Amino acid sequence: MHRFLRLSVFFAGLLMAMASQANTTAQPLTTADDLGPQVDQPIEFPHDRHAGDADKGGMQINCMYCHTYARRSIVAGIPPLQKCIGCHQGIESVRETPRIKKLFEYWEGSADGTIAAKTPIPWKKVHDLPDFVRFNHERHIQRFYFQQEKPVQEVCGYCHGDVKTMTVARRSKSLSMGWCVSCHEKDHPLDATSTMTSQGPNDCWQCHK
Amino acid sequence: MTEKDIREDIAWAKINKDVLKSLENPRKMYWVIIFIALAMIGVAVGAELYQYLTGMGVSYKNNSHVWGLYIATFIFWIGMSHSGTLLSAILHLMHADWRKPIYRFAEAMTTFSLMTAGLFVMVHLGRLWMFYYALPYPSERWIWPNFQSPLLWDAMAIFTYLSSSVIFLYIGMIPDLAICRDNMKNGWRKKLYTTLSLGWEGTDRQWRNFRITYLTVACFLIPLAVSVHSIVASDFAMSQQPGWHITSFPPYFVAGALYSGCAAIITLFIILRYVFRFEEYMTLPILKKTARLTFAIAMVWTYLNLIEFASVWYGHDQASKDVLIYKATGNYAPFWWGMMFCGSIVPLTLAFTRFQTNIPVLFVVSILLNVGMWLERWMIVAPTFAHGYYPWAWDHDQWPSFVQWSIVFGSFGWFALLFMVFCKIFPSVSMYEVKEMVYHRSQETKKKELASKGLANKGAH
Amino acid sequence: MSVTNLLENWSQFRHKHPVEDKPHAEYKWAMSIDLDACTGCNACSVACYAENNLPVVGKEKYSHGFSHHWMRIERYWDEDGREFPDQGAQFLPMMCQHCEAAPCETVCPVGATNHTGDGLNSQVYNRCIGSRYCEANCPYKVRYFNWYDYPTTNNVWPEPMNQQLNPDVTVRGKGVMEKCTFCVQRLTVAKSDARSQGRTVRDGEVQTACQQACPTGAITFGNLVDPEARVGKQWMQQQVELAVDHQAKDQHEHAEQASKLRGYRIFEELRPYPSVMYLERVRESAV
Amino acid sequence: MIENSFNRRDFLKVLGWGGAAVTLSGCGNTSVEDGRELVTSYSEPAEYVIPSIGVYFNSTCAQCDAGCNIMGKVREGRVLKLEGNSQSAINRGKMCGLGQAGVQAHYNPDRLREPLLRTGDKGEAISWDTALELINAKLDGVQGNQIAFLTGGISGHVNVLLKNYIDALGSAKHFAYEAVAPSVVRAANKKAYGVEMPRLRLDKAKVIVSFGADFLGAWVSPVHFAQQYAQFRKASNGGRGVLVQIESKMTLTGANADRWLAIRPGTEGILALGLINALGAGGVKVAADAAGAAKAYTPERVSTETGISVEQITKLAALLKERTPSLVIAGSAAEGYAHGSHNAAAIALLNQALGNVGKTVEFPAALPFPQIAPTVGNRYALHALNDDMAHDQVKVLFNFGANPVFTAPAGLKFKENLGKVPFKVAFAHYMDETALQADLVLPLDSALEEWGTSVPEYAAEGAQLNVHQPLMEKLYPGTRATGDILLALLKLRRAQEYKGYEDFYAYLRSALVQNKAALGGSGKDDDTFWSATLSNGLVKLPGASNAARKTSATTLVFPAPAAQDGAYPLRLIPAVTANMRDGRHANQPWLQESPDPLTTIVWDSWVEIHPKTAARLGIVEGDIVEVASKSGTLKAQAYLFPGIHPDAISIPLGYGHQAMGRYAKDIGANAFHIMDAVFDSETGELAMHETRVKISPTGQRVVIVKDEGSAGGKQMGKKIAVRVSSEKVDLSEEV
């Protein structure tokens with residue numbers, strides 16, 4: 001009888017200890033990395049060349065120069081073909097490189113006629129959320145870039161990783177629900193100077209559609 | 001003088017031999033039952049696959065009538081499980097030793113009917129591949145199930161009850177498993193019994209620990225049994241629907257559960273007695289006691305039923321009253337009256353001593369009682385949908401589809417299969433407790449004889 | 001994963017039904033429907049099909065009650081046994097009432113239906129396991145279950161019909177419950193736009209699909225918290241309060257004044273505190 | 001966001017639509033899947049095109065002739081939903097269910113995709129050039145008057161091209177046919193008021209007495225009328241308006257009436273005259289001729305003939321006297337008899353007697369451009385064409401989207417006569433019953449893909465020109481717009497005149513731009529004017545107003561009283577429902593699944609029978625009954641319906657297609673086919689309500705598929721849909 005009681009007390013204690021441990025040590029998952037697959041794009045776009053740091057040969061172009069919709073739409077968007085051409089028409093030095101030649105094939109049409117002129121480039125999605133998720137770029141950019149005045153690459157980098165060091169972008173965060181929630185659970189300052197904080201919304205319908 | 005529950009002069013070796021025989025050599029009927037059960041399961045599995053692949057729609061429920069036979073049958077099986085606990089735990093604590101030859105199979109019935117009930121929870125789900133969302137486990141998503149939902153309580157209660165019942169069944173079997181182990185020739189069975197009997201030697205210390213453990217689990221099981229069906233009742237009572245939102249539902253459900261359980265015990269009693277040749281142990285006096293117990297519970301159930309009607313009738317909830325009238329007069333009236341007949345009129349036969357030991361009569365009656373109790377569950381679930389608050393959504397005709405019926409029938413096959421296989425592998429009559437019973441009875445008889453002798457001696461003086 | 005999170009959510013989500021000390025913060029979406037203006041023409045219902053990717057189930061499935069009309073028009077007749085219904089029929093548009101104390105929310109085992117901070121009754125398709133307890137407990141029977149897999153096996157949107165699907169609304173697969181969302185996809189966009197401009201949504205800026213279509217303007221939708229909102233003015237004028245189960249209209253002591261009102265909520269006595277107020281249909285007594 | 005400053009052809013170029021980005025498989029894609037789908041990618045988008053944000057473009061609804069102005073929500077190059085254009089005087093931002101379903105006409109999987117030439121029983125796909133050449137070749141050597149054009153109501157620049165083409169062929173015949181148009185009322189209006197369609201000001205009226213006009217459901221311009229009705233019901237107008245509907249079968253409008261009066265079929269004119277008489281007796285000053293005409297119609301006589309009690313007549317007359325102005329409307333129920341013209345004239349006279357003309361009956365402005373004016377369809381056209389075909393007068397027939405094989409009464413033997421035409425060309429969206437009979441089928445663009453203009457016949461405020469413009473790129477390269485086909489055909493005849501126009505778009509643009517001064521664009525440059533026009537989606541046309549004309553009772557012919565027919569005791573009332581109308585949209589599944597408002601039946605036709613009649617005949621709900629007329633029989637399920645006169649039964653039109661597509665085929669029975677070919681005595685229009693039938697149960701019984709539950713239309717004592725008497729509320733204080 002005593003042994004039975006003792007055993008029960010032991011197990012109950014163990015359970016409570018585990019519970020309190022789980023309670024206090026819930027690790028935020030924000031930093032968890034989960035490298036996505038390499039995606040074959042029609043043109044191997046060098047993000048490092050465009051957005052990378054100057055000392056590494058990059059041109060430090062603001063992410064939102066090309067992904068211009070991010071601050072006003074739920075999607076960041078891919079730049080339209082004319083945007084690429086707009087710059088590259090004036091850059092003779094790389095005009096004959098294979099990637100730029102490919103780019104101009106989409107604009108002018110390919111010699112063999114397989115690509116008609118002004119065909120949008122069939123970029124593949126790298127950060128493809130499930131269809132039932134409503135992720136709003138605008139809100140995140142507004143909050144962290146405009147209100148908190150964080151550097152743009154840091155803001156984008158929360159979810160997209162360090163794109164400026166990549167050529168073709170590759171997913172580097174898990175983008176799972178728990179990962180999202182771990183950041184929504186944190187206290188974020190309201191703006192650059194405020195000491196007031198708030199958390200991300202936790203209504204299901206905020207993200208599920 | 002009453003008949004004896006069991007012959008007092010059975011040799012212990014004969015008990016072992018008779019019971020162990022059931023593991024080897026049942027009557028042909030055993031295989032017939034197994035075959036029928038397998039066939040029923042086959043159809044049900046096919047139906048379930050079809051439903052799984054196509055969608056719940058094939059069962060013909062609809063947007064206002066979202067629950068059907070699955071939930072009704074689920075409650076039925078949960079109810080069925082209560083008898084085992086009643087016989088093995090409650091009567092154990094009450095020292096009613098006539099339960100001893102039959103409690104083992106009753107306890108097995110508890111376990112298997114819970115396993116069957118659990119299946120219905122799954123079958124009923126629209127996305128059963130996501131069933132684990134209802135379990136409280138720490139997940140990556142940082143979310144929990146809704147602890148406010150009676151359905152979640154249900155899931156937990158059933159899980160607890162099932163695991164406790166398995167433990168109870170198993171612990172109670174350990175001494176018998178040791179007997180099996182000692183009487184088996186080499187083979188997989190021997191290995192099985194060796195493993196399961198946990199090195200039981202029958203020492204005094206082992207017996208002492210065994211009895212304490214058994215008693216503890218029995219005590220634990222009783223509140224569980226009551227709570228499980230109360231919680232199932234609260235699935236309905238906690239809702240807002242007319243015909244469901246009734247305070248007396250928990251005790252009513254528990255009574256109904258014990259009732260159908262007892263009826264099922266009579267059925268299985270008769271079947272086992274025949275199939276495994278247990279006439280020596282499952283004696284008619286025991287059957288008689290079971291029948292009387294069943295009768296008593298039937299009357300309790302009837303009483304609670306009438307209470308429910310009265311409380312609805314004299315209450316001010318017009319919608320509930322409408323549902324009650326609808327049950328008695330609407331589309332479901334034949335079934336409702338069928339339930340009243342099977343549940344309250346048929347058990348009156350059990351009041352007659354003549355029928356209490358008449359096996360054919362008891363067999364038919366016990367089956368009718370269970371049909372009645374199954375109808376009762378259906379009559380709780382369905383009419384509320386067909387005549388709820390919102391008249392626009394009252395449905396025309398919700399006759400369940402073949403898929404629903406075949407899964408419901410298949411569950412009986414599934415239960416029968418589990419049960420029959422169990423009886424073939426494990427001793428379905430508790431050998432050590434029958435020995436105890438025989439021993440106690442013979443002691444008593446001796447005492448009585450001594451006393452009467454003493455009296456006679458005195459008188460001689 | 002933390003237990004604290006669990007407990008907090010518990011109190012936060014579970015006590016959204018109206019209590020005096022916890023008013024709605026920025027938004028409380030609500031509706032009013034003027035039954036005198038409603039002609040029963042079904043435009044709202046079709047608009048709902050278009051906006052919310054509702055599957056057309058076909059005759060056979062409709063006959064089994066598998067229809068998916070989040071917005072359904074009910075037609076009632078007088079029950080006085082006259083030869084002709086000479087006062088016409090009574091139409092009632094019925095959809096999820098977004099109850100403040102919703103009977104469906106408490107019973108869902110997995111918490112797939114919740115109350116949002118905006119006073120909406122949300123339904124999360126991914127979380128739903130299809131126990132259908134919510135619909136069983138709904139007094140209005142306005143939840144619709146996906147009894148079949150309409151997008152795939154039933155091919156409800158054969159090519160190119162699928163191109164009409166609204167990308168802002170999930171196409172539901174089999175085994176999940178769905179219902180009127182008050183066009184939450186529109187609300188989310190409007191709220192986001194307003195927020196970018198540092199304000200709240202103005203009255204009339206966002207319309208539900210049914211409201212937008214309704215030819216007679218019988219449906220008014222808006223934010224009850226906003227004092228400028230027409231819906232709030234209507235509620236106020238009809239003396240219908242969100243958080244009570246017995247309105248001025250029902251009270252005897254004000255019989256004289258109250259009898260001039262025509263706002264009511266359906267099944268108020270069950271205390272779900274619905275967010276939809278109906279205005280009684282008026283019929284001329286002179287003819 | 002309504003803009004149009006872009007080149008139409010390029011803005012729609014987008015990748016990602018039609019592909020994986022569209023199909024959101026509910027809960028299927030539950031994990032992050034990289035590299036499977038394409039990003040929405042443009043080459044040169046207009047600056048306002050932002051992925052995931054809808055852009056609205058204005059156009060015009062083509063689902064019925066009301067001409068509501070709509071805007072289409074376009075995202076990622078796809079049109080997703082139609083909304084009303086709030087600039088429009090017709091629909092003011094609102095839409096009906098039929099209009100909403102317009103996207104399903106566009107995305108319909110059963111649309112024709114390439115020209116088909118009949119070879120034996122099969123259609124062979126041919127190129128457009130071949131098809132047009134073939135038409136041209138077939139027309140050679142055929143006399144102009146042996147070429148017939150069958151169209152529905154048609155207006156705008158397509159009408160101009162059509163007329164020119166007809167001219168080019170030399171005196172070809174144009175038959176404009178609409179199966180359910182209010183043509184008799186039009187003729188009566190023309191006589192009474194001088195215009196075919198006066199503007200009805202429901203919003204100004206205090207009492208509306210409608211003789212079977214389903215203006216909330218399917219009559220003329222329902223969305224416009226519904227808005228006026230909403231105004232009419234508000235207190236803002238000096239008291240809530242009262243609607244009295246007089247008809248033999250309850251329509252949607254009847255279901256919304258304060259008083260619905262079941263009248264014996266065909267006696268509407270008698271009641272109108274009776275009311276004039278009662279008004280005169282009640283002290284209203286009625287013109288002498290009208291009073292004289294109505295003198296014989298005493299309440300007692302009227303009551304006997306119409307079945308409406310004397311008390312009701314007196315009450316109604318008192319109401320009309322007390323509350324002015326009122327408005328009396330003659331609808332399709334009044335006009336559908338052999339004496340329909342007489343009914344309509346009597347009802348117009350009642351309006352006159354009440355002094356409503358000029359108050360609630362207004363006169364629309366005349367259209368400044370007669371060449372684009374609507375050629376309204378009527379039923380006489382079909383009759384005339386049919387006669388021509390029967391006499392082998394037609395060698396080539398062009399059919400523009402009308403479906404007469406489906407809508408013609410069997411008595412006309414239309415299909416048979418059609419067979420006598422050697423070469424039949426059908427312009428069609430679907431392979432419908434008429435297209436099936438054609439020798440050459442030309443697939444049309446959907447209404448959301450084509451350019452065009454139209455002029456609504458019913459003018460809500462002033463006349464207006466509606467613009468139809470594509471809301472997205474064509475789904476199928478093989479379809480063409482009606483305008484483009486006509487232009488191509490014209491080029492084959494009058495190459496010189498039309499060679500300047502590359503396509504119909506160019507023609508349309510130049511036609512409008514040339515007249516920009518008259519279209520309110522004077523002073524603007526061409527591009528600005530054009531952009532503004534497209535952006536607005538409509539052009540309001542100024543025009544001189546028409547003068548009213550007095551009705552005189554001298555020409556009045558007294559409507560005949562209801563007659564009995566022993567063999568066929570019941571009247572068949574073909575119901576024009578808001579969903580189905582004449583059946584041309586039957587292949588749009590939303591409309592099939594949208595319950596009929598009154599019976600809540602879906603996906604089938606039904607026979608409405610008054611419970612009293614049903615009891616007499618031993619029919620219960622769900623019985624399959626055989627409905628037999630002199631012209632044919634059909635079988636359908638019986639639905640017991642209290643809102644119908646016991647002497648009548650009603651079957652909805654539009655069901656019973658034998659072709660057309662997966663959602664329409666074999667759904668219900670076609671009531672057109674059992675109609676007797678009886679014609680209105682004055683106009684020669686087919687009298688839709690003149691068919692007499694008998695019904696008998698077949699012994700089969702089905703469960704009717706409907707939304708209404710087993711409680712029927714009962715609330716079972718619960719407070720769900722509540723009605724209150726008008727004296728118990730105070731609407732004036734309402735928000």
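How many bridges join S22(D) to strand S27 (residues 692–701) of chain D, and in which sense do the two strands run? The two strands are joined by 2 bridges and run antiparallel, where strands count as paired if DSSP finds at least two bridges between them.

## Basis of the description

This is a predicted model, in which local features need pLDDT of at least 70 and side-chain atom pairs count only at pLDDT 80 or more, while totals for chains, interfaces and linings use all residues. Residues are numbered from 1 along each chain as its sequence is written, chains are lettered from A and ligands numbered from 1 in the order in which they are written, and side-chain values use heavy atoms, with hydrogens and water left out.

Helices (H or I, at least four residues) and strands (E, at least two) are DSSP runs, numbered from the N terminus.

## An enclosed strand in chain D

Strand S22 of chain D covers residues 570–575, and 6 of its 6 residues are buried, so S22(D) is largely enclosed by the rest of the structure. Here buried means under 20% relative accessible area, whereas exposed means over 50% and partly exposed lies in between, with a 1.4 Å probe and protein chains only. Leu570(D), Leu572(D) and Pro574(D) point one way from S22(D), while Arg571(D), Ile573(D) and Ala575(D) point the other way, and all are buried. In a regular strand the side chains alternate between the two faces of the sheet.

Within the pairing of S22(D) with S27(D), Leu570(D) stands opposite Val693(D). S22(D) also pairs with strand S26 (residues 648–652) of chain D, in the parallel sense and over 5 bridges, and there Leu572(D) stands opposite Ile649(D).

## A three-stranded sheet in chain D

Chain D also holds an open sheet of 3 strands in the order S3-S4-S5, with antiparallel pairing. Strand S3 (55–60) and strand S5 (78–84) of chain D stand at the edges with a single partner strand each, so one side of each is left without a neighbour in the sheet. From one strand to the next the twist averages 30 degrees, taking axes as lines fitted to C-alpha atoms, for helices over the stretch in contact, and angles as running from 0 to 180 degrees between N-to-C directions.

Strand S4 (residues 69–75) of chain D pairs with S5(D) in the antiparallel sense over 6 bridges, and S3(D) pairs with S4(D) in the antiparallel sense, also over 6 bridges. Asn69(D) in S4(D) is the bridge partner of Thr60(D), Ile70(D) stands opposite Gly84(D) in S5(D), and Lys73(D) has Lys81(D) in S5(D) as its bridge partner. S4(D) is mostly covered, with 7 of its 7 residues buried: Asn69(D), Met71(D), Lys73(D) and Arg75(D) point one way, and Ile70(D), Gly72(D) and Val74(D) the other. S4(D) and S5(D) form a hairpin with 2 residues between them, and Glu76(D) in the turn has a positive phi of about 50 degrees.

## Crossing helices in chains D and B

In chain D, the axes of helix H5 (residues 156–169) and helix H21 (residues 504–514) come within 11 Å and cross at roughly 105 degrees. H5(D) and H21(D) are therefore roughly perpendicular to each other, since angles of 65 to 115 degrees count as roughly perpendicular, those under 35 as roughly parallel, those over 145 as roughly antiparallel and the rest as oblique. His157(D), Val158(D), Val160(D) and Leu161(D) in H5(D) meet residues of H21(D) including Phe504(D), Tyr507(D) and Leu508(D), where contact means heavy atoms within 4.5 Å. The residues of this contact divide into 8 nonpolar, 1 polar and no charged; Ala, Val, Leu, Ile, Met, Phe, Trp, Tyr, Cys and Pro count as nonpolar, Asp, Glu, Lys and Arg as charged, and the others, Gly among them, as polar.

In chain B, helix H3 (residues 69–80) and helix H9 (residues 249–275) pack at an angle of about 70 degrees, with their axes 7 Å apart, which makes H3(B) roughly perpendicular to H9(B). The contact of H3(B) with H9(B) has 5 nonpolar, 3 polar and no charged residues.

## Chain C and Ala209(C)

Chain C has 9 helices and 11 strands, and buried residues make up 73% of its 287 residues. Ala209(C) is found in helix H7 (residues 209–213) of chain C and, at 1% relative accessibility, counts as buried. Leaving aside neighbours within four places in sequence, Ala209(C) is in contact with Ala47(C), Glu51(C), Cys183(C), Arg186(C) and Lys81(D).
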